[in-house]
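Biologist: I am new to this structure and would be grateful for guidance. Please take a close look at a single part of it and describe that part in connected prose.

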Amino acid sequence: MDRRLTLPTLAAATTVVALAIAAPWLKFVFTVALAKGLAVLGILLLLRAGQVSFGHALYIAVGAYTVAFLRPAIGEVLLLLPLAATAGTIVGFAVGLFVARYRDIFFGMLNLAFSMVFYSLLEKLYAYTKGTDGIRVPRPTIGGVTLDPVAYEWAVLVGTLALALTLGWLVSRFLASPLGQALPAIKTRETRLEFAGISAKRVLLVAYVASAALAGLGGGIIACTTLHVTPLLSYWTHSGELVFIAILGGAGSVLGPFLGAAVYELVRVYAAAAFPDAWQMILGAVLLVIILFAARGLWGMYEDLVLRKDRRA
Amino acid sequence: MTLLLFLAILDGLAYAAQVFMVAVGLTLIFGVLRILNVAHGSFFAIGGYVAATLGTWAAATAAAPVLALPVLLLAAVMVGGVLGPAIERLVLARIYTKEHVLQLLVTFALFMILEDVQKLVWGVQPIFQDGPVRALGQVEVGDIIYTAYQLYLLPGVALATLFGLMWFLRRTLTGRVIVAVTEDREAATAMGIDANRVYLLTFTVGTVLAALGGALASPTTSLVPGVGVNMIVLSFAVVATAGLGQIEGAMLTALLIGLGRSVAVYFAPEFEVVIPYIIMVAVLLIRPHGLFGRPELRRV
């Protein structure tokens with residue numbers, strides 16, 4: 001792993017824990033932010049290949065509803081979360097077989113179509129999903145221990161932080177691997193990649209399934225944190241949010257998604273309450289400004305400010 | 001059974017006409033600008049809202065029945081005439097040379113902004129007007145009493161748009177200039193064509209068409225937040241099934257998807273929302289570039 005990332009990573013992890021001790025309500029905000037960060041990590045994989053999905057909330061919803069559906073039978077976080085990630089992987093593979101054949105516009109819009117269909121199904125199949133009312137998830141045990149609310153929140157936060165660190169490191173290793181290096185090649189000149197004997201479709205499918213698994217896991221964590229799931233998890237605004245965080249954080253580093261998600265969730269706590277009907281508008285406007293004037297996001301700004309001196313030529 | 005099927009077909013035709021109005025603008029803009037405008041669904045929604053507002057105002061005046069229909073066109077021209085050039089000049093013109101991903105994201109950002117503009121201006125309660133439907137009255141088709149608005153006006157406007165566009169693009173100088181830019185922008189520019197003006201014109205025409213689609217839909221559907229996103233996803237399904245940039249094909253697939261959806265409404269309502277995508281996915285599995293689309297040349 002890039003040596004220069006070690007210090008900021010440790011600093012960020014310490015800050016999260018310190019702030020959560022100082023202000024207990026931040027535990028919830030940070031857990032959700034880290035869970036979304038995991039999903040955005042998947043978006044980042046796709047962005048590296050020059051593809052953007054307007055439908056990844058689908059996998060968050062798949063993960064969250066997996067937890068909600070299985071909760072009556074299984075009451076253990078350590079089982080529910082792997083199952084959520086597995087459900088994301090399976091659905092991601094099925095959808096991925098289809099969408100990995102497409103690029104750019106088709107890729108983005110087909111994902112949007114799949115997520116909106118899933119949203120409608122969650123809303124309409126009332127007998128199973130309770131429609132827009134959603135499903136309540138009773139607090140599960142962790143490692144067989146029933147924890148009181150505060151201890152549970154701490155356990156989920158620390159667990160999510162550990163997952164974020166591990167998976168962030170894994171994704172950065174993946175991006176440095178030959179397979180990961182093939183992703184930017186899809187963006188620049190796909191035909192040359194295929195001349196080199198590498199199937200672009202298969203490379204994209206691997207990245208897509210990985211992104212779906214990450215989003216499924218993120219969705220599972222969200223269900224275990226909010227303890228309530230609704231079809232809104234799969235709505236397009238939610239997918240837009242993921243893409244927004246990816247661009248806000250910057251696609252240049254695996255820390256970008258988590259930085260973006262933390263800033264996003266903190267601002268949202270205040271702004272969405274103050275301007276409930278103008279929230280998407282603010283997001284859209286910020287997105288425009290970033291794309292037009294600071295395409296590398298927050299991480300890019302950090303690099304320019306702090307790492308400029310030792311950046312490789 | 002036959003009566004229901006007949007009713008489903010009438011509904012399907014009217015619905016296909018509405019979807020076509022939005023899809024044709026989307027495909028036209030893509031054909032020329034090579035940008036898929038995600039905000040296109042918002043133009044539909046805003047067109048509908050403005051038409052409903054103007055319509056409610058017109059219904060209070062003395063000349064209500066006479067004004068009901070012109071007001072729809074007026075709303076479309078107002079919305080398209082203001083939003084189209086403003087967005088093309090201020091935002092899109094900056095990103096023609098950027099990556100595809102960024103272009104998609106920019107129109108998505110516009111979409112997010114415009115969705116909230118609707119909420120701020122018109123609130124979240126359903127808005128509805130019925131002036132235009134009442135102005136035209138009802139007709140009997142066999143045993144069914146149906147509104148003349150849905151039976152004649154909607155399909156009529158859609159057909160007029162289709163043939164009007166075909167005539168415009170093939171027979172007029174401006175239309176041929178647009179086609180020339182679509183085929184080869186560099187060569188067209190070398191001939192002295194101002195490509196920027198062509199982009200501006202095309203985008204505005206597309207916007208007016210989407211807003212007209214919304215205005216025409218305002219008497220038959222109630223406007224709520226979310227109509228924009230449903231319409232962009234649906235019209236994308238139509239455009240993708242036809243092949244991006246195919247105008248005549250968009251009419252055919254709009255019919256296919258409109259009829260499929262309305263048959264589902266009557267016979268299997270749970271599948272109503274899924275039908276368009278099943279049709280799209282089935283077509284794309286067999287023909288990845290759509291029914292009428294041509295594969296793009298791959299650059300090495």
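Modeller: The account below concerns chain A, moving from its overall form to one helix and then to its contact with chain B.

This is a predicted model, in which local features need pLDDT of at least 70 and side-chain atom pairs count only at pLDDT 80 or more, while totals for chains, interfaces and linings use all residues. Residues are numbered from 1 along each chain as its sequence is written, and chains are lettered from A and ligands numbered from 1 in the order in which they are written.

Chain A contains 13 helices and two strands; these are DSSP runs numbered from the N terminus, helices being H or I with at least four residues and strands E with at least two. Its radius of gyration is 19 Å, which agrees with the value near 20 Å for a compact globule of 313 residues; the radius is taken over C-alpha atoms, and the globule rule is 2.2 Å times the number of residues to the power 0.38. Along the principal axes, the C-alpha atoms of chain A fill a box of roughly 50 × 45 × 40 Å. Of the 313 residues in chain A, 50% are buried, a term that requires 20 or more other C-beta atoms within 10 Å of the residue's own, with 12 or fewer making it exposed, anything in between partly exposed, and C-beta atoms placed from the backbone.

Helix H7 of chain A, residues 149–176, has 28 residues and reaches 40 Å from first C-alpha to last, close to the expected 40 Å; that expectation is 1.5 Å times one less than the number of residues. Its buried residues include A:Tyr152, A:Leu157, A:Leu163 and A:Val171. The cover over the buried residues of H7(A) includes helices H1, H2, H9 and H11 of chain A.

The contact between the chains takes 34 residues from chain A and 33 residues from chain B, two residues being in contact if their C-beta atoms, placed from the backbone, lie within 7 Å. On the side of chain A that touches chain B, the elements giving two or more residues are H5, H8, H10 and H12 of chain A. H5(A) gives the most, with eleven residues. By class, this side of chain A has 22 nonpolar, seven polar and five charged residues; Ala, Val, Leu, Ile, Met, Phe, Trp, Tyr, Cys and Pro count as nonpolar, Asp, Glu, Lys and Arg as charged, and the others, Gly among them, as polar. From chain B, B:Leu105 touches A:Val52, A:Val243, A:Ile247, A:Leu287 and A:Ile291, not counting residues up to four places away in sequence.
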